[in-house]
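Got your viewer open? Let's walk through this one stop by stop, picking out residues as we go.

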Amino acid sequence: MTSQIVNELRTRTDAVWARLSAQLRGMESYLERSDAPGEWTTRQVLCHLLFEPGWRPGPVLFSFATADLPVIEIKPGQMYVTPERQMMTLRQFENALDRHRREALAYLETLSDADLQRKARIPLFKPLLGTDEVSMPIWVEVLFSIHWGDHADQLAKIRKAVGLPEATVLVTAT
């Protein structure tokens, strides 16, 4: 049986995923556009959300511990535009991002509430959360809700700049 913690986390991350997906609808022709000179393009935002090539959330979550906490360094503002990602379609980006989200939640669903409290040290989070010791649900919340939500707002600005209508979030039954 899935933990209530994970169920609530899934609800929040699903809502942000729906918002992000809505912002991307109709953006196929605008991957190289930004909302203003010097701002990130749609492609750059998506490359940023995917992290470095080969990155996956499962191994990161698996490293969380109860003692001898691993240190996870996050370099904010990095975008990983590679030749392969220069060739990716919008659909490919969406599929890759959704795989990350699903992988993280699927792993969390296998854990007990006690196991969910395993932690890692993430120095970047100290100014944001007041501590650098972060549990798995908090890491997933920050990454797939707060971080992705901020970039959904950025994509909304690009939509507006290219003349697309405001995105509508489609509500689906789960």
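Start with helices H5 and H7, which cross in a left-handed way. Keep in mind as you look around that this is a predicted model. H5 covers residues 90–109, and H7 covers residues 136–162. Their axes sit 11 Å apart and pack at an angle of about 155°. An angle over 145° counts as roughly antiparallel, so that is the label for H5 relative to H7.

Now show the side chains where the two helices meet. On the H5 side, select Leu97, His100, Arg101, Ala104, Leu105, Tyr107 and Leu108; on the H7 side, select Met136, Val140, Phe144 and Trp148. Colour the contact by residue type and you should get 9 nonpolar residues, 1 polar and 1 charged.

Next, go to H2, residues 42–50. How many of the residues of H2 are buried? The count is 8 of 9, so the helix is mostly covered. To see them, pick Thr42, Arg43, Val45, Leu46, Cys47, His48, Leu49 and Leu50. Then bring up the neighbours: the cover over these buried residues includes H1 (4–24), H4 (83–86), H5 and H7.

Step just past the end of H2 and you land on phenylalanine 51, which has a positive phi, near 60°. Phe51 also belongs to an aromatic cluster, together with Trp55, Phe64 and Trp139. Select all four of those and zoom in.

Stay on the two tryptophans for a moment. The structure holds 6 aromatic pairs, and one of them is Trp55 with Trp139, a tilted pair with 6.3 Å between centres and 50° between planes. The pair joins distant parts of the chain: Trp55 lies in the loop between H2 and H3 (57–63), while Trp139 is in H7, 84 residues apart. Are these two rings buried or exposed? Trp55 has 13% relative accessibility, so it counts as buried. Trp139 is buried as well, at 4%.

For the last stop, select phenylalanine 62 and tyrosine 107. This aromatic pair is edge-to-face, 6.5 Å centre to centre with 65° between the planes. Here too the partners come from distant parts of the chain, with Phe62 in H3 and Tyr107 in H5, 45 residues apart. Turn on a surface and compare the two partners: Phe62 counts as exposed because its relative accessibility is 61%, whereas Tyr107 is buried, at 18%. You have already met Tyr107, among the H5 residues that touch H7.

How values were computed. Residues are numbered from 1 along each chain as its sequence is written. This is a predicted model: local features need pLDDT of at least 70, side-chain atom pairs count only at pLDDT 80 or more; totals for chains, interfaces and linings use all residues. Side-chain values use heavy atoms; hydrogens and water are left out. Rings of Phe, Tyr and Trp (its six-membered ring) pair if their centres lie within 6.5 Å; planes under 30 degrees apart count as stacked, over 60 as edge-to-face and the rest as tilted. Helices (H or I, at least four residues) and strands (E, at least two) are DSSP runs, numbered from the N terminus. Buried means under 20% relative accessible area, exposed over 50%, partly exposed in between (1.4 Å probe, protein chains only). Axes are lines fitted to C-alpha atoms, for helices over the stretch in contact, and angles run from 0 to 180 degrees between N-to-C directions. Angles under 35 degrees count as roughly parallel, over 145 as roughly antiparallel, 65 to 115 as roughly perpendicular and the rest as oblique. A crossing is left-handed if the near helix is turned anticlockwise from the far one by less than a right angle, and right-handed if clockwise. Contact means heavy atoms within 4.5 Å. Ala, Val, Leu, Ile, Met, Phe, Trp, Tyr, Cys and Pro count as nonpolar, Asp, Glu, Lys and Arg as charged, and the others, Gly among them, as polar.
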